[in-house]
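This report covers strand pairing, salt bridges, one loop proline and one pocket of the structure shown below.

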Amino acid sequence: MLARILLTLILLDFGTAYAGEVLVTVTPVEKFTTLHNKNIYEGDVVRFKVLESTKTLKKDDIIISTILTYEPNGFFSQPANVVLGNFRTQNGTAIKGKLYLGGSEHRNLEEYTKNGSAPGIIRGGEIRLIPNSTTLSFFTEEQ
């Protein structure tokens, strides 16, 4: 009787496909920057190359992402922010996950302007992604 209960528990726990989180490491295919770029819009596509193989993704595969949100940098040290999501392979297979990118806040320069001599003139940092130099990682689920 005890053996049947244990067998049932094992089958319920391990009998279904196990989905685990896997770290995907990528680098951009082309240079992406928010510096002096007025042509970045939500819905734009950013392509990445996979750096390490996983069960479903092979090294050097190209995956495509979409810009979900974009906030340009601004004065008072507001950095640029980009959220990338809707990842998919070139053949259209969906990949769960999001990348959150943010520029520097330049807080170290604010101390020089706190006396009121030049409030708000410090702009927040930009985002720069350089192919084969910038590496980014995000978690996805694989079965």
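## Strands E5 and E7

Strand E5 (residues 81-89) pairs with E7 in the antiparallel sense over 4 bridges; two strands count as paired if DSSP finds at least two bridges between them. Helices (H or I, at least four residues) and strands (E, at least two) are DSSP runs, numbered from the N terminus. Leu 101 in E7 is the bridge partner of Val 82.

The side chains of E7 (residues 99-102) alternate: Leu 99 and Leu 101 point to one face and are buried, whereas Tyr 100 and Gly 102 point to the other and are not. Buried means under 20% relative accessible area, exposed over 50%, and partly exposed in between (1.4 Å probe, protein chains only).

## Basis of the model

This is a predicted model, in which local features need pLDDT of at least 70 and side-chain atom pairs count only at pLDDT 80 or more, while totals for chains, interfaces and linings use all residues. Residues are numbered from 1 along each chain as its sequence is written, and side-chain values use heavy atoms, with hydrogens and water left out.

## Overall composition

The protein has 2 helices and 9 strands, and from the N terminus on its elements run α-β-β-β-β-β-β-β-α-β-β. Of the 143 residues, 36% are buried. Among contacts (heavy atoms within 4.5 Å) between residues at least 6 apart in sequence, 58% join residues at least 24 apart.

## Strands E1 and E9

E1 and E9 pair in the antiparallel sense over 7 bridges. The bridge partner of Val 22 in E9 is Thr 140.

E9 also has alternating side chains. Leu 136, Phe 138, Thr 140 and Glu 142 point to one face and are buried, while Ser 137, Phe 139 and Glu 141 point to the other and are not. In a regular strand the side chains alternate between the two faces of the sheet.

## Salt bridges

The structure holds 2 salt bridges, each defined as a side-chain nitrogen of Lys or Arg within 4 Å of a carboxyl oxygen of Asp or Glu. In one of them, Glu 30 is joined to Arg 47, with the closest N and O atoms 3.4 Å apart. Glu 30 lies in the loop between strand E1 (20-28) and strand E2 (32-33) and Arg 47 in strand E3 (residues 45-50), so the pair ties together parts that are 17 residues apart in sequence. Glu 30 is partly exposed at 35% relative accessible area, and Arg 47 is partly exposed at 29%.

Glu 141 forms a salt bridge with Lys 96, the closest N and O atoms being 3.7 Å apart. This pair links distant parts of the chain, 45 residues apart: Glu 141 is in strand E9 (residues 136-142) and Lys 96 in the loop between strand E6 (94-95) and E7. Glu 141 is partly exposed at 46% relative accessibility, whereas Lys 96 is exposed at 56%.

## Pro 79

Pro 79 is in the loop between strand E4 (62-71) and E5. With a relative accessibility of 11%, Pro 79 counts as buried. The C-alpha atoms of Pro 79 and Ile 127 are separated by 8.5 Å, although these residues are 48 apart along the chain.

## Second largest pocket

A pocket is, on a 1 Å grid over the protein atoms alone, an open set of points where a 1.4 Å probe fits, with protein on both sides within 12 Å along at least five of seven lines; lining residues have an atom within 4 Å of a point. The second largest pocket has a volume (the space filled by probe spheres set on the points) of about 160 Å³.

Its lining consists of Thr 34, His 36, Asn 37, Lys 38, Ile 40, Tyr 70, Pro 72, Asn 73, Arg 123 and Glu 126. These lining residues divide into 3 nonpolar, 4 polar and 3 charged. Ala, Val, Leu, Ile, Met, Phe, Trp, Tyr, Cys and Pro count as nonpolar, Asp, Glu, Lys and Arg as charged, and the others, Gly among them, as polar.
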